[in-house]
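Reader: I am new to this structure. Please show it to me, and let me ask about the words used for it.

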Amino acid sequence: MPDVEVLVREHKYPPGWQAPTHFHDGDLFIYVVASEFEATTEAAGRVVYTSGQVMQMEAKTVMDARNVSDSAPLRLIIFQVGKPGAPFLVEVK
């Protein structure tokens, strides 16, 4: 489909990592490979996902995200489905 792009990325984050408040321009599917991933959105509140779980989120949902562990790295596979050339992450100030 010419008006849709799927980005698939593996991300590794150190223990204690925390992202700035942000949103994604496409629909998002996050598969937790290792450790615990915490996501906070207005609609869902704070949710912790563990290895083998998937988070699904609509485009433009403002979120905070972090690695819950202070000792284990976090590994995620992130699928973003949206418009070609759209930024992966947009920081909210």
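Author: What follows is a set of short questions and answers on this predicted model.

Reader: What makes up the secondary structure of the protein chain?

Author: The count is zero helices and nine strands. Read from the N terminus, the order is β-β-β-β-β-β-β-β-β.

Reader: Why is the protein chain called as compact as a globular protein of that length?

Author: Set the radius of gyration against the globule rule. The chain has a radius of 13 Å, and the rule gives 12 Å for 93 residues. The two values are close, so the chain is as compact as a globular protein of that length. The C-alpha trace spans about 40 × 25 × 20 Å along its principal axes.

Reader: How much of the protein chain counts as buried?

Author: Of its 93 residues, 32% do. The accessible surface is about 5,500 Å², and carbon and sulfur atoms hold 53% of that.

Reader: What share of the contacts with a separation of 6 or more joins residues 24 or more positions apart?

Author: That share is 76% in the protein chain.

Reader: Why is His24 called buried?

Author: Buried means under 20% relative accessible area. His24 has 5%, so His24 is buried. Its place is in the loop between strand E2 (22-23) and E3.

Reader: Which residues does His24 touch, not counting those up to four places away in sequence?

Author: They are Met57, Ala59, Lys60, Met63, Gln80, Phe88 and Leu89. With Phe88 there is also a polar pair: a polar side-chain atom of His24 lies 2.7 Å from the backbone oxygen of Phe88.

Reader: What is notable about the phi of Ser35?

Author: Most residues other than glycine have a negative phi. Ser35 is not a glycine, yet its phi is positive, about 85°. Ser35 sits in the loop between strand E3 (27-34) and strand E4 (36-41).

Reader: Is Ser35 buried or exposed?

Author: Its relative accessibility is 16%. The cut-off for buried is under 20%, so Ser35 counts as buried.

Reader: And where does Lys60 lie?

Author: Lys60 is in the loop between strand E6 (54-57) and strand E7 (63-67). Lys60 also has a positive phi, near 70°, and is not a glycine.

Reader: How do you know whether Lys60 is buried or exposed?

Author: Exposed means over 50% relative accessible area. Lys60 has 52%, so Lys60 is exposed.

Reader: How many positive and negative side chains does the protein chain have?

Author: There are 8 positive and 12 negative ones. The centres of the two sets are 5 Å apart.

Methods
Residues are numbered from 1 along each chain as its sequence is written. This is a predicted model: local features need pLDDT of at least 70, side-chain atom pairs count only at pLDDT 80 or more; totals for chains, interfaces and linings use all residues. Side-chain values use heavy atoms; hydrogens and water are left out. Helices (H or I, at least four residues) and strands (E, at least two) are DSSP runs, numbered from the N terminus. The radius of gyration is taken over C-alpha atoms; the globule rule is 2.2 Å times the number of residues to the power 0.38. Buried means under 20% relative accessible area, exposed over 50%, partly exposed in between (1.4 Å probe, protein chains only). Contact means heavy atoms within 4.5 Å. Accessible areas come from the Shrake-Rupley method with a 1.4 Å probe; for residues, only the protein chains shown count as cover. Lys and Arg count as positive and Asp and Glu as negative; His and the chain ends are not counted. The place of a charge is taken as NZ of Lys, CZ of Arg, CG of Asp or CD of Glu. A polar contact is a pair of N or O atoms within 3.5 Å; within protein, one must be able to donate a hydrogen and the other to accept it, and residues adjacent in sequence count only if both atoms are side-chain atoms.
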